[in-house]
Amino acid sequence: MNPYYENTPDDMRAFVSDNCSFPAHFHPDLELLAVLSGSVEAEIGGRKASLGAGDFAMVFPHQLHQYRCALEDGTKVAFIIAKPWCFGEYVHALLGGHPADPVWRADALPPDISWAVGRLLDPDARQNRALGRALLQIVLAHICTEYPLQEDGDAGFADMTCRAVDYVQQHYDEPLLLEDVARALGISRYALSRLFNGRLGVRFTSYLNELRIHKAQDLLQGSTIPIGDVAQRCGFENARTFNRAFLACCGKPPREYRALYKTAGK
């Protein structure tokens, strides 16, 4: 299974792969790559680079990128792929710009990044959503404060994307329509629809539902709040609508999802 093209509800995916050859593609997520052994030929945002053991590469949302590696040279690469709502205070930098050079060489890589990536690869750390996001913030703090970033060419469009994402994140638990967000941002519903489809690669309603489901997952994993209250807190009209959306996104109903995590925690 190709992890890049999975339709997954996970906030973050962290895994090690020995098959690092992928054709040109892009997505709305942040993608971090750390070469553990061997070598990788990468092209990120039009910039080509040869990566060796210990090198680190960063792919900002919607950057076109591709990788090539030889299977016989023992290459192993760690990947971390994070959704936009995991970016925290760095959302504006990540959605509004890109690295001047997408590669951070091993001899200059801050030790905190190597440590945080290693922890994110630990399954126990990934099961703790709060810990996973905190570890990602360590990596983003270094990238966004110590590494040269360039603004995207269409700064106005990027800024509007940030504003739209921020507004939805602040109001996801309320009844929310495309028209409501467009009115709050002072743009037409058609412009906002094009923004979500073009910049984030997803329809507004799909983005809103996915965000709500992620919030619901947090509550189901970390509390004993009744299912109906979880639905209400996450902006769903009723438990039936919530159950249907959760099943479509996660492959199992909320009650079964909660039971699975209770069993895993024993």
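**Salt bridges, cores and strand pairing**

At 26% relative accessibility, Asp-218 counts as partly exposed (buried is under 20%, exposed over 50%, partly exposed in between; 1.4 Å probe, protein chains only). The model is predicted: local features need pLDDT (the predictor's confidence in each residue, 0 to 100) of at least 70, side-chain atom pairs count only at 80 or more, and totals for chains, interfaces and linings use all residues. Residues are numbered from 1 along each chain as its sequence is written, and side-chain values use heavy atoms, without hydrogens or water.

Asp-218 forms a salt bridge with Arg-129 (a side-chain nitrogen of Lys or Arg within 4 Å of a carboxyl oxygen of Asp or Glu). Their closest N and O atoms are 2.2 Å apart. This pair links distant parts of the chain. Asp-218 sits in helix α8 (residues 204–222) and Arg-129 in helix α4, 89 residues apart (helices are DSSP runs of H or I, at least four residues; strands are runs of E, at least two; both are numbered from the N terminus). Unlike its partly exposed partner Asp-218, Arg-129 counts as buried, at 16% relative accessibility.

A further salt bridge joins Glu-179 to Arg-189, with the closest N and O atoms 2.9 Å apart. Glu-179 belongs to helix α6 (residues 178–185), and Arg-189 to helix α7 (residues 189–200). The two residues are 10 apart, and their pair again links distant parts of the chain. Glu-179 is partly exposed, with a relative accessible area of 31%. Arg-189 is also partly exposed, with 33%. Elsewhere, salt bridges with shared partners join Asp-11, Arg-129, Arg-133 and Asp-218 into one network.

In total, the structure holds 11 salt bridges. One of them connects Asp-29 and Arg-13, where the closest N and O atoms are 3.6 Å apart. Asp-29 lies in the loop between β2 (22–25) and β3, and Arg-13 in strand β1 (residues 12–17), so the pair ties together parts that are 16 residues apart in sequence. Asp-29 counts as buried, at 5% relative accessibility. Arg-13 counts as buried too, at 10%.

The largest nonpolar core has 50 residues (buried Ala, Val, Leu, Ile, Met, Phe, Trp, Tyr and Cys joined through side-chain atoms within 4.5 Å). Helix α4 (residues 129–146) gives the most to this core, with 6 residues. Leu-32, Phe-56, Ile-143 and Val-168 have the most contacts inside the core. Neighbours within four places in sequence aside, Ile-143 is in contact (heavy atoms within 4.5 Å) with Leu-32, Phe-56, Met-58, Phe-60, Trp-104 and Leu-149. Apart from this core lies another, of 18 residues. Its members include Phe-15, Cys-20, Phe-22 and Ile-44.

Strand β3 (residues 30–37) is mostly covered, with 6 of its 8 residues buried. β3 pairs in the antiparallel sense with strand β8 (residues 76–82), over 7 bridges (pairing requires at least two DSSP bridges). Ala-34 has Ala-78 as its bridge partner in β8. β3 also pairs with strand β6 (residues 56–59), again antiparallel, over 4 bridges. In β6, Met-58 is the bridge partner of Leu-32. Both residues recur among the core results: Leu-32 and Met-58 are each in contact with Ile-143.

Confidence varies along the chain. The average pLDDT is 84, and 87% of the residues score at least 70. Over residues 1–9, pLDDT stays under 50. For that stretch, the model has 24 contacts beyond four places in sequence.
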